[in-house]
Amino acid sequence: MRHLIDPMDFTDKETLMVLDLADRIAANPSQYSHVAEGKKLATLFYEPSTRTRLSFESAMLSLGGTTLGFSGADQSSATKGETVADTARVVSCYADIIAMRHPKEGAPLRASMFSRVPVINAGDGGHNHPTQTLIDLMTIRQRKNRLDHLTIGFCGDLKFGRTVHSLVNSLVRYPDNQFYFISPEELRIPDYLIEDTLKPTATPYQEVTSLEDTLPKLDVLYMTRVQKERFFNEEDYIRLKGIYTLTADKLQLASNNMPVLHPLPRVDEISIDVDMDKRAAYFDQVQNGVYVRMALIMALLGLTDPQTGKEVALC
Ligand code: CP
């Protein structure tokens, strides 16, 4: 039995296999409408979500399966003191696969140790968000036709932004990628990512503060929201929240084929005048989220791909 807790849980080959399957589903979603009949997905969300929870549910329903779950810790027996380990044991009696979001780093990993069914990390604190990474990779590949030889700029809250941490970990596996990390000092990328990921892979990177100066150098821009819910101090959040705003005017500094990604939700870091620009890729990411999660459910449950007639198998 396999889980997806960290983007590194899948090899490069497995990651590409899931992305290829997501592309096939995107090209012909109706062909997949019965592949998970009789299967149940549990969504255990201890923290708010719009996209991740609803797209997991949409994915399972689109595969012909069903869903159950809760959308807040206050709706579960966590309020009575039940542990994540016990909850995982219990829910794995009810469902075939679990997607869990939790504010504590490591909670989905803990659940996977006690679950009898595959567990998917749907975001744990400021740590990882591996299914968002699959979406981001799918979208970059659609827009650039490759995942290598790219200069990627990450802008905003690089300290708490778990989607950034997961995507950096994944992109270093493809040759000749380099990064610009655009943030204020207080929100710079964590040291552990530099020491454990960037240095060992000899990945070139620069930490900078100016979005305008960096835009002309980029193949891909990944904007992020300042993560209000992770701040200890409201004053710091208010001081930092509006620090970067991408506008249609600023986007003129970038190349014509530089996609703008954002995991969403956005607050004010991308103005709505960017939405009409063909480089805006963030609503493509939302749509891709359903296809990626359909592919992931199929892979973790070993379901049969109607296009090949074979069970989807992770290596
Ligand atoms: N991108 C993302 O994780 O969005 P939600 O918080 O709405 O799930």
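Let's start in a loop: H129 is found between strand 4 and helix 5. Helices here are DSSP runs (H or I) of at least four residues and strands are E runs of at least two, numbered from the N terminus. H129 counts as buried because its relative accessibility is 3%, where buried means under 20% relative accessible area, exposed over 50% and partly exposed in between, with a 1.4 Å probe and protein chains only. Leaving aside neighbours within four places in sequence, H129 is in contact with T52, R101, A122, G123, R162, T163, S166 and R293. Contact means heavy atoms within 4.5 Å.

A word on the source: this is a predicted model, in which local features need pLDDT of at least 70 and side-chain atom pairs count only at pLDDT 80 or more, while totals for chains, interfaces and linings use all residues. Residues are numbered from 1 along each chain as its sequence is written, and side-chain values use heavy atoms, with hydrogens and water left out.

**The two sheets**

Both sheets are open, and here is how they line up. Two strands pair if DSSP finds at least two bridges between them.

| Strand order | Pairing | Edge strands |
|---|---|---|
| 2-1-3-4 | parallel | strand 2 and strand 4 |
| 7-6-5-8-9 | parallel | strand 7 (205-208) and strand 9 (260-261) |

In the four-strand sheet, the twist averages 15 degrees from one strand to the next. Strand 1 and strand 3 run parallel and are joined by five bridges, and L44 stands opposite M100 in strand 3. Over in the five-strand sheet, two bridges join strand 8 (residues 220-223) to strand 9. There, L221 stands opposite V260 in strand 9.

**Helix 2**

Helix 2 covers residues 51-62, and its twelve residues should span 16 Å at 1.5 Å a residue, which agrees with the 15 Å between its end C-alpha atoms. That expected span is 1.5 Å times one less than the number of residues. The buried residues of helix 2 are T52, R53, S55, F56, E57, A59 and M60. They pack against strand 1 (40-45), strand 2 (66-70), strand 3 (97-102) and strand 4 (119-124), and also against helix 5 and helix 11. After helix 2 comes G64, with a positive phi near 90 degrees.

**Helix 5 and its partners**

Helix 5 (residues 130-144) meets helix 11 (residues 282-301): their axes come within 9 Å and cross at roughly 120 degrees. On the helix 5 side, the contact includes T131, L134, I135 and M138, and on the helix 11 side, Y291, V292, R293 and L296 are among the residues involved. By class, this contact has six nonpolar, seven polar and four charged residues. Ala, Val, Leu, Ile, Met, Phe, Trp, Tyr, Cys and Pro count as nonpolar, Asp, Glu, Lys and Arg as charged, and the others, Gly among them, as polar.

Helix 5 also lies across strand 8 and strand 9, running at about 150 degrees to strand 8. Axes are lines fitted to C-alpha atoms, for helices over the stretch in contact, and angles run from 0 to 180 degrees between N-to-C directions.

**A phenylalanine in another loop**

Which loop holds F231? F231 lies between strand 8 and helix 9 (234-240). F231 is buried, with a relative accessible area of 16%. Not counting residues up to four places away in sequence, F231 touches D157, F160, L187, V226, D236, Y237 and L240. F231 and F160 are 71 residues apart along the chain, yet their C-alpha atoms are separated by 8.8 Å.
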